[in-house]
There are 2 protein chains.
Amino acid sequence: MDRAERLERLALLSEADATQTAMFQQAAAASYGLGITEMRALSILLRNGPQTAGALTRALHVTSGAVTGIVDRLVRRGLVSRAADPDDRRKVVVTVDLAALAASENAYAGIGEAFQELYAGYTDAELDFLERHLTASVEITARETARLHPRA
Amino acid sequence: MDRAERLERLALLSEADATQTAMFQQAAAASYGLGITEMRALSILLRNGPQTAGALTRALHVTSGAVTGIVDRLVRRGLVSRAADPDDRRKVVVTVDLAALAASENAYAGIGEAFQELYAGYTDAELDFLERHLTASVEITARETARLHPRA
DNA sequence: TGGAAGTATCTTAGTAACTAAGATACTTGC
DNA sequence: GCAAGTATCTTAGTTACTAAGATACTTCCA
């Protein structure tokens with residue numbers, strides 16, 4: 001098959017995967033009774049550790065007012081907690097309550113298993129390639145997202 | 001490296017990629033002055049061709065009332081048009097105006113180029129693997145999304 | 001053939017999550 | 001010690017959604 005043609009098909013597939021994945025995330029968030037932005041905030045807190053409201057503002061590309069509401073709602077559900085920063089009392093550090101999170105239903109269990117099953121059929125070399133590809137993809141996408149945000 | 005450990009890292013990376021990609025999509029939609037759901041509707045119309053409002057309702061997992069608003073806004077921007085189905089006059093078929101779309105700014109140009117550059121460094125075998133992987137991923141994700149939607 | 005049931009879309013009222021602007025509380029630098 | 005800067009929260013308004021139901025058309029069956 002022609003290489004240019006393959007690249008074209010890959011771009012389309014990649015776009016379809018992105019749309020489908022975003023819709024899954026929204027459905028998963030809804031199944032927890034959370035909004036998509038609250039879910040993203042949780043994801044960022046889990047991945048990058050406890051951080052201030054300001055850091056979440058920048059990571060989520062929303063206003064500080066929105067973050068106040070997001071953290072309020074997560075606190076009300078007992079999924080995160082706010083704590084004053086002893087070094088700078090203007091700051092508020094948000095921390096995920098891992099025990100509470102573990103105790104809640106896991107909407108990701110099904111898809112996680114399905115992907116583990118898919119990966120099981122891959123060779124070590126293929127897994128290695130996929131890891132390198134995803135790392136590059138995250139880097140590119142984060143950079144291009146920042147480019148689209150005038151305030152960034 | 002241990003295989004179980006690699007699978008664990010891959011799952012985390014995959015989640016990070018999904019979150020980042022969703023945020024890019026939202027930023028791209030906003031740069032067109034569109035909402036994320038309008039963008040998804042356009043994407044579905046482009047990928048699967050002209051279809052009825054009802055089909056969009058099912059594909060987007062939103063209510064029929066929401067689709068009315070989404071199509072209204074896209075029509076107002078001149079990006080799509082409504083047409084009566086001659087065979088069933090209850091139906092309204094929505095079609096993308098490709099010329100209008102091509103004439104608008106392309107927020108995807110930058111990321112598209114970045115990925116083409118990434119792909120340029122891949123072998124034919126790697127591209128082939130990626131295509132098979134994405135195809136499987138779209139299939140799994142669509143199935144798992146449907147599972148999370150009670151109305152589906 | 002005509003009426004009941006079903007289907008497709010749109011309308012309306014209400015809700016939730018966002019933005020923009022500005023208030024409050026604290027910190028830093030001169 | 002005061003002015004300017006920073007971090008978060010508050011308030012008012014907007015937007016895109018849902019739920020419920022109205023309208024218009026189609027299908028099925030006695």
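Visitor: How far is a phosphate oxygen of DNA strand C from a polar backbone atom of B:G54?
Guide: In this predicted model, B:G54 is listed among the closest of the 20 residues that surround DNA strand C. A polar backbone atom of B:G54 and a phosphate oxygen of the strand are separated by 2.4 Å.

Visitor: Which elements give two or more residues to the surface near DNA strand C?
Guide: Both protein chains take part in this surface. Chain B supplies α3 (53-60) and α4 (64-76), and chain A supplies α2 (36-48) and α4 (64-76).

Visitor: Which side chain has a polar atom 2.7 Å from a phosphate oxygen of DNA strand C?
Guide: Two side chains of chain A may be considered here. For A:T63, an N or O atom of the side chain is 2.8 Å from a phosphate oxygen of DNA strand C. The distance of 2.7 Å belongs to the side chain of A:R73.

Visitor: What percentage of the atoms of DNA strand C within 4 Å of the protein belong to sugar or phosphate?
Guide: The surface near the strand holds five nonpolar, seven polar and eight charged residues. On the DNA side, the atoms within 4 Å of the protein are divided between bases and sugar or phosphate, and the share of sugar or phosphate is 72%.

Visitor: Why does A:D85 have no salt bridge with A:K91?
Guide: A:D85 is in the loop between β2 (80-84) and β3 (92-96) of chain A, and A:D85 is buried. A:K91 is among the residues that A:D85 touches. A salt bridge requires a separation within 4 Å, so this pair does not qualify, as the distance to A:K91 is 4.9 Å.

Notes: Residues numbered from 1 in each chain as written. Chains lettered and ligands numbered in written order. Predicted model: local features only at pLDDT ≥ 70, side-chain atom pairs only at ≥ 80, totals over all residues. Heavy atoms only, no water. Helix = DSSP H or I, 4+ residues; strand = E, 2+ residues; numbered from the N terminus. Buried < 20%, exposed > 50% of the residue type's maximum accessible area, 1.4 Å probe, protein only. Lys, Arg positive; Asp, Glu negative; His and termini not counted. Salt bridge = Lys/Arg side-chain N within 4 Å of Asp/Glu carboxyl O. Contact = heavy atoms within 4.5 Å. Near = heavy atom within 4 Å. Polar contact = N/O pair within 3.5 Å; in protein donor to acceptor, adjacent residues only side chain to side chain. Nonpolar A, V, L, I, M, F, W, Y, C, P; charged D, E, K, R; others polar. Lists of a residue's contacts leave out its neighbours within four places in sequence.
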